[in-house]
Amino acid sequence: MTAIFTVPVSLAERSYEIIIQAGLLEKLGRNLKKQGVGRKVGIVTDRHVARHYLKHSLEAIQRCGIDPVPIILTPGEQSKTLKTVEHILDVLARHRFERSSMLLALGGGVVGDMAGFAASIYQRGIPYIQVPTTLVAQVDSSVGGKTGVDHRLGKNLIGSFYQPRAVWIDPLTLDTLPTREWVAGLAEVIKYGVIADESFFAYLQRNMSDLRRQAPRTVATVVKRSCEIKAEVVAEDERESDRRRILNYGHTLAHAIEKRERYKWRHGAAVSVGLVFAAELARAAGRLDDDTADRHLTVLHALGLPTTYDPDALGELVTIMGSDKKTRSGTLRFVVLDALAKPARLVGPDPSLLAAAYSVIAGQRRGPRTIDL
Ligand SMILES: NC(=O)c1ccc[n+]([C@@H]2O[C@H](COP(=O)([O-])OP(=O)(O)OC[C@H]3O[C@@H](n4cnc5c(N)ncnc54)[C@H](O)[C@@H]3O)[C@@H](O)[C@H]2O)c1
Ligand SMILES: [Zn+2]
């Protein structure tokens, strides 16, 4: 019997559970029955994930007398569009899905965001379940109910808050994940440690080589603790009016880098640089001690994540940050730390602070550890 971890996401009548269990994909049918699912279930996935897991998942569901409808999407951020959501809706309508029908999102964040959005608008909302298969999806995108698609004028510009009925995580699915996807997800894991749990961050730092080689016990701990932290924050502030903003730690600069790189960079890679920048900003402002700021850089670098960026880009990045959808009236806002697990806000920092923090990103010489992300 493999261990089962359950993490509650407490959101009044929208509460649900995250279940983490190795081999859970084999139990999809039984778990769907327990959810009281009707006859119709759609499985939204992408071609890469389908190659590894669709056949088994369909069989596990069919064994329980349910006839699932697979909806296989083109992998990648480029397909996270309204057009693809329209395709999902077409399939649901053609198969006469009803209010009691269910969608399963089997895949990474791209699949999860789109399946969730389609579920939120088809017949004004049908239930859906997240079955995330990337580290990013298991520790971040599947939890919290943000769904949506990109618009040509902005990433994630169209969407809704719509909570799943459950999140079912099978950590074994991470075995087939390309290393660069695993490492990109670790940037968010490090973020959780530093914003919310000093001892988790210390654990990550102690277990660096197990983290790098994806040792199963470390994977289980990482996924469970990250889900707990995200679930706690989301439960306190479902619609991101205040507390949930701490999850944007490192993301102000990261979003600007992603935009400047025309989304050719992995999100996690940009977040890594953003985390170093946020730590340096707090250090430069005299708010964060040297040791904690240094630990940001050391850990991210040791994982193979980038911690440097174009030395000449600060001006451009400031302009991009100033025009972000989350920037009100042109004033830059950062989440910073006053200490580990003590997040705070830094509003409208002086340009000299930005320059001081950026000089670390621009100036480090730390050798070629970075994995090609
Ligand atoms: N809703 C949220 O709160 C939230 C939070 C974070 C990120 N996101 C969104 O998530 C997306 C990024 O998610 P992602 O990093 O999972 O990217 P992704 O969904 O594009 O997956 C990355 C790649 O891995 C492949 N893949 C997935 N699972 C696999 C597996 N088990 N084995 C082998 N290959 C596998 C996919 O086909 C894809 O090629 C972005 O669109 C981002 O906006 C949303
Ligand atoms: Zn992120």
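Which element gives the largest share of the shell around ligand 1? In this predicted model, the answer is helix 2, from which 4 residues of that shell come.

**Close-up 1. The shell of residues around ligand 1.** Ligand 1 is surrounded by 26 residues, and the closest of them are Asp46, Glu77, Thr133, Thr134 and Thr176. In the side chain of Asp46, an N or O atom is found 2.7 Å from an oxygen atom of ligand 1, while a polar side-chain atom of His48 is 2.9 Å from an oxygen atom of the ligand. The backbone also takes part, since a polar backbone atom of Lys146 lies 2.8 Å from a nitrogen atom of ligand 1. Taken alone, ligand 1 would expose 860 Å², of which the protein buries 87%. Two or more residues of the shell are given by each of helix 2 (47–62), helix 4 (109–121), helix 5 and strand 8 (154–161).

**Close-up 2. The zinc ion (ligand 2) and its protein donors.** Glu188, through OE, and His251 and His267, each through NE2, are the protein donors of the zinc ion (ligand 2), at 2.0 to 2.2 Å from the ion. Read along the chain, these donors follow the spacing E-x62-H-x15-H. The two histidines belong to separate helices, His251 to helix 10 (residues 251–260) and His267 to helix 11 (residues 267–284), and the pair, 16 residues apart, links distant parts of the chain. What accessibility class do the two histidines fall into, buried or partly exposed? His251 counts as buried because its relative accessibility is 6%, whereas His267, at 23%, counts as partly exposed.

**Close-up 3. Asp140 and its contacts.** Asp140 is placed in helix 5 (residues 135–141), and it counts as buried because its relative accessibility is 15%, under the 20% limit for that class. Its side chain makes a polar contact of 2.8 Å with the side chain of Lys230. When neighbours within four places in sequence are left aside, the residues in contact with Asp140 are Leu135, Glu188, Tyr192 and Lys230. Glu188 in that list is also one of the protein donors of the zinc ion (ligand 2).

**Close-up 4. The hairpin of strand 10 and strand 11.** Strand 10 (residues 333–339) pairs with strand 11 (residues 342–347) in the antiparallel sense, over 6 bridges. Among the residues involved, Arg333 has Val347 in strand 11 as its bridge partner. The two strands form a hairpin with 2 residues between them, and Ala341, in the turn, has a positive phi of about 65°.

**Close-up 5. Two loop residues, Arg213 and Leu305.** Arg213 is located in the loop between helix 8 (208–212) and helix 9 (216–236), and Leu305 in the loop between helix 12 (290–302) and helix 13 (314–322). Which of the words buried or exposed describes Arg213, and which describes Leu305? Arg213 is exposed, because its relative accessible area is 58%, over the 50% limit, while Leu305 counts as buried because its relative accessibility is 0%. The C-alpha atom of Arg213 is separated by 9.1 Å from that of Thr179, a residue 34 residues apart from it along the chain. For Leu305 and Leu204, which are 101 residues apart in sequence, the C-alpha to C-alpha distance is 14 Å.

Note on methods:
Residues numbered from 1 in each chain as written. Chains lettered and ligands numbered in written order. Predicted model: local features only at pLDDT ≥ 70, side-chain atom pairs only at ≥ 80, totals over all residues. Heavy atoms only, no water. Buried < 20%, exposed > 50% of the residue type's maximum accessible area, 1.4 Å probe, protein only. Polar contact = N/O pair within 3.5 Å; in protein donor to acceptor, adjacent residues only side chain to side chain. Contact = heavy atoms within 4.5 Å. Donors = N, O, S within 2.8 Å, 3.2 Å for Na, K, Ca; no water. Pairing = 2+ DSSP bridges. Near = heavy atom within 4 Å. Areas by Shrake-Rupley, 256 points an atom, 1.4 Å probe, with all protein chains shown as cover.
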